[in-house]
Amino acid sequence: MEITGLKPVFGIEDIKSQTIYIAGPCSAESEEQTLETARQLADAGIKIFRAGVWKPRTKPGGFEGRGRMALDWLRKVREQTGMMVATEIANRKHLEDALEADIDAIWIGARTSANPFAVQEIADTLATLPQEKKDSLTVLIKNPVNPDLELWIGAIERIYASGVRRIGAIHRGFSSYGKHIYRNEPRWAIAIELNRRIPEMPIIFDPSHVGGRRDLVAPLAHQAIDMNYEGLIIESHCNPDCALSDSAQQITPAELASLLATLNKRSHSLPTKSLDELRRKIDRIDDELLELLSRRMEVSREIGRYKKEHRLPVVQTTRYKDLMERRVAESERLDMSADFVRALLAVIHEESVRQQVKL
């Protein structure tokens with residue numbers, strides 16, 4: 001399906017000349033918390049307020065949002081601050097309630113976008129709306145939890161087929177098993193390919209869910225802006241340490257204001273080929289190297305468990321010698337010195353042995 005004729009999300013006509021900033025708490029926990037956060041964010045210059053109303057958790061028993069009553073708080077946010085308001089929906093009933101509350105924008109979450117049945121249910125409901133409502137509503141689609149570009153595009157196509165034309169994507173990273181630097185791996189290449197396939201559609205980056213920690217929000221936001229993302233959606237709470245959900249990744253409105261000041265300064269002062277931009281490319285590659293090394297060590301531990309079970313020695317010199325010779329032979333083709341590759345492999349092998357000995 002060819003996706004063309006999209007309209008500007010949130011009514012921002014010249015989206016390429018400005019950055020979309022969406023901010024607000026992970027959850028609308030109470031009327032007081034919602035309005036206080038909104039007032040502080042409005043003072044920081046935010047024009048679009050986000051808050052989760054329905055919060056299905058991975059396991060039952062946690063805070064799952066205040067539900068429909070919280071939509072009234074979002075309406076009060078708009079009345080008192082003038083900000084547009086956005087919330088997440090996961091099914092037909094959520095959408096109907098959000099539309100009844102006259103919410104300006106909705107987003108489809110990562111778990112929902114991974115389910116074609118759920119997305120189609122939402123699309124079918126959108127298709128029944130009057131054209132005037134379709135033309136004014138903004139719908140954002142988060143990437144599925146798993147790294148599947150076609151599934152992401154499929155969700156976008158379903159919403160497009162409903163007749164809605166204010167459509168954008170949210171890149172919130174992809175789940176993976178085990179310990180990693182990020183809560184959700186960014187897998188930048190997937191978002192880059194989405195942009196290539198649907199160049200007309202804006203992509204908004206979510207550093208809060210990618211990083212999973214508030215100290216990672218700023219560097220990830222800078223990376224996204226350097227990579228020409230059209231916007232950012234950031235979780236911000238008036239008292240993040242007391243948040244009922246995702247407290248570790250939320251920042252205060254004051255911290256957000258400081259971040260936006262640096263982002264705006266960079267966007268007006270940095271040339272395309274700046275040293276800082278090149279250094280950030282190095283940072284991204286270093287992050288990827290650490291992820292790969294982490295995966296390699298996990299395999300090493302699996303080998304260690306196998307050796308232990310079958311009473312094999314941890315160090316096998318023949319295997320090590322063969323690996324070293326083959327990898328060093330590749331160094332010239334890769335334009336790297338043999339001494340460097342030999343030293344690097346020796347360190348990696350030493351850590352692999354240490355991991356196995358621990359078992």
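Helix axes here are lines fitted to C-alpha atoms, for helices over the stretch in contact, and the angle between two of them runs from 0 to 180 degrees between N-to-C directions. Helices (H or I, at least four residues) and strands (E, at least two) are DSSP runs, numbered from the N terminus.

The model is a predicted one, in which local features need pLDDT of at least 70 and side-chain atom pairs count only at pLDDT 80 or more, while totals for chains, interfaces and linings use all residues. Residues are numbered from 1 along each chain as its sequence is written, and side-chain values use heavy atoms, with hydrogens and water left out.

**The whole chain**

Begin with the full chain in view, where there are 14 helices and eight strands, and where the C-alpha trace spans about 70 × 50 × 45 Å along its principal axes. Of the 359 residues in the chain, 47% are buried, a class that means under 20% relative accessible area, with exposed meaning over 50% and partly exposed lying in between (1.4 Å probe, protein chains only). If contact is taken as heavy atoms within 4.5 Å, then 72% of the contacts between residues at least 6 apart in sequence join residues at least 24 apart.

**First stop: helices H3, H5 and H7**

Two packed helices are described by the angle between their axes and the distance between the axes. Select helix H3 (residues 92–100) together with H5, and the two are found to pack at an angle of about 35° with their axes 9 Å apart. The crossing of H3 and H5 is right-handed, a term used when the near helix is turned clockwise from the far one by less than a right angle, anticlockwise being left-handed. To display the contact itself, show Arg-92, Leu-95 and Glu-96 in H3, which meet Glu-121, Ile-122, Thr-125 and Leu-126 in H5. These residues divide into three nonpolar, one polar and three charged, where Ala, Val, Leu, Ile, Met, Phe, Trp, Tyr, Cys and Pro count as nonpolar, Asp, Glu, Lys and Arg as charged, and the others, Gly among them, as polar.

Keep H5 (residues 116–127) selected and add helix H7 (residues 149–161), whose axis comes within 8 Å of that of H5 and crosses the H5 axis at roughly 20°. That angle makes H5 roughly parallel to H7, since angles under 35 degrees count as roughly parallel, over 145 as roughly antiparallel, 65 to 115 as roughly perpendicular and the rest as oblique. The crossing of H5 and H7 is right-handed. On the H5 side the residues to show are Pro-116, Val-119, Gln-120, Ile-122, Ala-123 and Leu-126, and they meet Leu-151, Ala-155, Arg-158 and Ile-159 in H7. By class, this contact of H5 with H7 has eight nonpolar, one polar and one charged residues.

**Second stop: salt bridges**

Side chains of opposite charge can pair when their charged atoms come close. A salt bridge is a side-chain nitrogen of Lys or Arg within 4 Å of a carboxyl oxygen of Asp or Glu, and the structure holds 27 of them.

Select Glu-185 and Arg-295, whose side chains meet in a salt bridge at 2.7 Å, N to O. This pair links distant parts of the chain, with Glu-185 in the loop between strand E6 (166–171) and helix H8 (188–197) and Arg-295 in helix H12 (residues 275–309), 110 residues apart. Glu-185 is buried, with a relative accessible area of 7%, whereas Arg-295 is partly exposed at 35%.

Next, pick Glu-298 and Arg-305, which form a salt bridge with their closest N and O atoms 3.4 Å apart; Glu-298 is partly exposed at 32% relative accessible area, and Arg-305 is partly exposed at 40%.

**Third stop: two buried loop residues**

Return to the loop between E6 and H8 and select Asn-184, which is buried with a relative accessible area of 3%. Beyond its neighbours within four places in sequence, Asn-184 is in contact with Arg-172, Gly-173, Phe-174, Ser-175, His-209 and Val-210.

Finally, move to His-237, in the loop between strand E8 (231–235) and helix H11 (253–269), where this residue is buried with a relative accessible area of 3%. Leaving aside neighbours within four places in sequence, the contacts of His-237 include Pro-25, Glu-29, Gln-33 and Thr-37, as well as Gln-250 and Thr-252. Cys-26 is 211 residues from His-237 in sequence, but the C-alpha atoms of the two are 7.7 Å apart in space.
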